[in-house]
Amino acid sequence: MTVQPKSHLVLYQAEWCPFSSAVRELLTELGLDVVLRQVEPFPEQRAHLRELAGTDEIPVLQAEDGHLFRGTREIFVHLATREPGRFAATHRRRYAEHREARESGATERLLGHFPLR
């Protein structure tokens with residue numbers, strides 16, 4: 001399958017995935033805008049991702065030129081070639097400052113306000 005070049009970064013991910021979260025944080029630090037594509041909850045449900053990227057594991061990053069980077073390690077190697085954003089150090093510091101809120105379950109409590117139907 002030929003991958004069509006994109007003019008923007010696309011991240012195939014899930015919000016609950018810690019590996020996707022790490023990639024999103026690095027993208028923020030680098031100051032890179034990205035289109036997020038939510039994937040299905042379980043690998044066996046991800047036929048579209050398998051067709052596109054040859055894998056059902058996340059995260060997958062599609063670069064502006066259409067090149068696919070599969071998995072956190074491959075994505076991080078690619079992103080290491082990019083210049084840090086102007087606020088990279090500040091974003092990293094703010095991430096550290098919010099560690100307690102992340103670990104306290106604040107996100108889960110907030111999501112509880114939006115029950116599924």
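Two strands count as paired if DSSP finds at least two bridges between them. With that in hand, here are some close-up views of this predicted model.

**View 1. A sheet of four strands.**
The strands form an open sheet in the order E2-E1-E3-E4, and their pairing is mixed. At the edges are E2 and strand E4 (68–70), each of which pairs on one side only. On average, neighbouring strands of this sheet are turned by 20° against each other, direction ignored. As a reminder for newcomers, strands of a sheet pair through backbone hydrogen bonds, either parallel or antiparallel.

**View 2. Strands E1 and E2 side by side.**
Here we move in on one pair: E1 and E2 run parallel and are joined by 5 bridges. To find one of these, start at Val10, whose bridge partner in E2 is Val35. Helix H1 packs on the sheet, touching E1 and E2, and its direction makes about 155° with that of E1.

**View 3. Gln13 and its neighbours.**
Gln13 lies in strand E1. Is this residue buried or exposed? Gln13 counts as buried because its relative accessibility is 0%, and the cut-off for buried is under 20%. Its side chain and that of Gln38 are joined by a polar contact of 2.7 Å. Leaving aside residues up to four places away in sequence, Gln13 touches Ser20, Arg24, Leu36, Arg37, Gln38, Val39 and Ile58.

**View 4. Helix H1 from end to end.**
Helix H1 covers residues 18–30, which makes 13 residues. At 1.5 Å a residue, H1 should span 18 Å, and its end C-alpha atoms are indeed 18 Å apart, so the two values agree. Just after H1 comes Gly31, which has a positive phi, near 70°.

**View 5. The buried side of the story for H1.**
Which residues of H1 are buried? They are Ser20, Val23, Arg24, Glu25, Leu26, Leu27, Glu29 and Leu30. Their cover includes two strands, E1 (9–13) and E2 (34–38), along with helix H3 (71–79) and helix H4 (88–97). As for H3, this helix lies across E1, E3 and E4, and runs at about 130° to E4.

**View 6. Where H1 meets H4.**
Two packed helices are described by the angle between their axes and the distance between the axes. For H1 and H4, the packing angle is about 145° and the axes are 7 Å apart. On the H1 side, the residues that meet H4 are Glu25, Leu26, Thr28 and Glu29, while H4 brings Ala88, His91, Arg92 and Tyr95. The residues of this contact divide into 3 nonpolar, 2 polar and 3 charged.

**View 7. A cis peptide bond before Pro59.**
Look for the peptide bond between Ile58 and Pro59: this bond is cis, with omega at about 5°. Pro59 sits in the loop between helix H2 (47–53) and strand E3 (60–62). Ile58 has also appeared in View 3, among the residues that Gln13 touches.

**View 8. Glu40 in its loop.**
The last stop is Glu40, found in the loop between E2 and H2. With a relative accessible area of 32%, Glu40 is partly exposed. Its contacts, not counting residues up to four places away in sequence, are Gln45 and Arg46. Glu83 follows 43 residues apart along the chain, and the C-alpha atoms of Glu40 and Glu83 are separated by 32 Å.

How values were computed:
Residues numbered from 1 in each chain as written. Predicted model: local features only at pLDDT ≥ 70, side-chain atom pairs only at ≥ 80, totals over all residues. Heavy atoms only, no water. Expected span 1.5 Å × (residues − 1). Buried < 20%, exposed > 50% of the residue type's maximum accessible area, 1.4 Å probe, protein only. Contact = heavy atoms within 4.5 Å. Polar contact = N/O pair within 3.5 Å; in protein donor to acceptor, adjacent residues only side chain to side chain. Axes fitted to C-alpha atoms, helices over the stretch in contact; angles between N-to-C directions. Nonpolar A, V, L, I, M, F, W, Y, C, P; charged D, E, K, R; others polar.
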